[in-house]
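Here are my notes on the model, point by point. Have the structure open while you read.

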Amino acid sequence: MAQHKKTPLIGIMGGTFDPIHFGHLRTALELKQILGLEGVRLVPCKDPVHKDQTFGSAMDRLGMLHLAIANTPGLDVDDTEIRRHTPSYTIDTLESTRDTLPEASLCLIMGSDSFESLPTWKRWQHLLDLAHIIVVMRPGHTFSPSTEIKQLLVERQLADPQGLRELTSGYIYLQAISALDISATTIRNQIATGYDPRFLLPNSVLDYINEHQLYLTGSPDKTTI
Ligand code: ATP
């Protein structure tokens, strides 16, 4: 009898991770557990295309990601965008991931703030040709989708996450997770003003920040890699 092979579900979460914090980490871990993802790849961008600048260098942000996910099975760091010599466009990352994983259901993970901005992304209408999109409501952010996003939800929103394994791309699924109102901006501001951001991010990441004296002035780190 032919054995039915379960389509693997792979999460992909992009960001500046400047620095990575528990809002990112809980999102990745909870989605992995709730949706049964085989793994979640955290993809730090090199030069963000939707933000003015980063404050930590690409190598520092990458180093902090490795420390944050150490010993967490199923969470991985993907340095594709940092190694690429072009701006960090998600569509390019999805295309290269799709080349290596033609049979998998790819799940692009993002907060509601990022999802709202989707129409500003490069070739945004093609993202769903390559992956599903999993959206988590970000606390502290009021979700007010544009007409384009509302229409996209009408066409693509999935009610039952089982459907994520039926097609390898094309659906949008909204998943409730623990609401942690943490942002990298808050952490950077706390450090710059002498507050202790402990318990908003892993101790290993905070130790790295202190050791490398990151985020003290709020000015961008010009280190190139
Ligand atoms: P910054 O404050 O510098 O803008 P950030 O905290 O928003 O940074 P990013 O690296 O820009 O972090 O976010 C990467 C992804 O993680 C985005 O899709 C964002 O919506 C999501 N995200 C960030 N923080 C949270 C959070 N606390 N809960 C859920 N999702 C989050």
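1. Let's begin with one charged contact. Arg198 comes out as partly exposed because its relative accessibility is 32%; the scale here is buried under 20% relative accessible area, exposed over 50% and partly exposed in between, with a 1.4 Å probe and protein chains only. Arg198 pairs with Asp196 in a salt bridge, and their closest N and O atoms are 3.5 Å apart. The term salt bridge is used for a side-chain nitrogen of Lys or Arg within 4 Å of a carboxyl oxygen of Asp or Glu.

2. Before going further, a word on what you are looking at. This is a predicted model, in which local features need pLDDT of at least 70 and side-chain atom pairs count only at pLDDT 80 or more, while totals for chains, interfaces and linings use all residues. Residues are numbered from 1 along each chain as its sequence is written, and side-chain values use heavy atoms, with hydrogens and water left out.

3. Now the overall build. The chain has nine helices and six strands, taken as DSSP runs numbered from the N terminus (helices: H or I, at least four residues; strands: E, at least two). Its radius of gyration is 18 Å, which agrees with the value near 17 Å for a compact globule of 225 residues. That radius is taken over C-alpha atoms, and the globule rule is 2.2 Å times the number of residues to the power 0.38. Along the principal axes, the C-alpha atoms fill a box of roughly 60 × 45 × 35 Å.

4. How much of the chain is buried? Of the 225 residues, 48% are. Among contacts with a separation of 6 or more, 77% join residues 24 or more positions apart; contact means heavy atoms within 4.5 Å.

5. On to the surface and charges. About 11600 Å² is exposed, and carbon and sulfur atoms supply 51% of that area. The chain carries 20 positive and 26 negative side chains, and the centres of the two sets lie 2 Å apart. Lys and Arg count as positive and Asp and Glu as negative, with His and the chain ends not counted; each charge is placed at NZ of Lys, CZ of Arg, CG of Asp or CD of Glu.

6. How many salt bridges turn up in the whole structure? The search finds eight. One of them joins Glu30 and Arg26, at 2.9 Å from N to O. These two residues are about one helical turn apart because they sit four residues from each other in helix H1 (residues 22-35). Glu30 is buried at 7% relative accessibility, whereas Arg26 is partly exposed at 34%.

7. Asp79 and Arg83 also form a salt bridge, with the closest N and O atoms 2.8 Å apart. Arg83 is exposed, at 54% relative accessible area, while Asp79 is partly exposed at 26%.

8. Back to helix H1 for His24, which lies in that helix. Is His24 buried or exposed? At 16% relative accessibility, His24 counts as buried. Setting aside neighbours within four places in sequence, His24 is in contact with Met13, Phe17 and Pro19.

9. Last, have a look at Gly170, in the loop between helix H7 (147-156) and strand E6 (172-174). Gly170 is buried, with a relative accessible area of 9%. Not counting residues up to four places away in sequence, Gly170 touches Leu128, Ala131, His132 and Arg156. From Gly170 to Asp76 the C-alpha distance is 24 Å, with their positions 94 residues apart in sequence.

Definitions and conventions. Accessible areas come from the Shrake-Rupley method with a 1.4 Å probe; for residues, only the protein chains shown count as cover.
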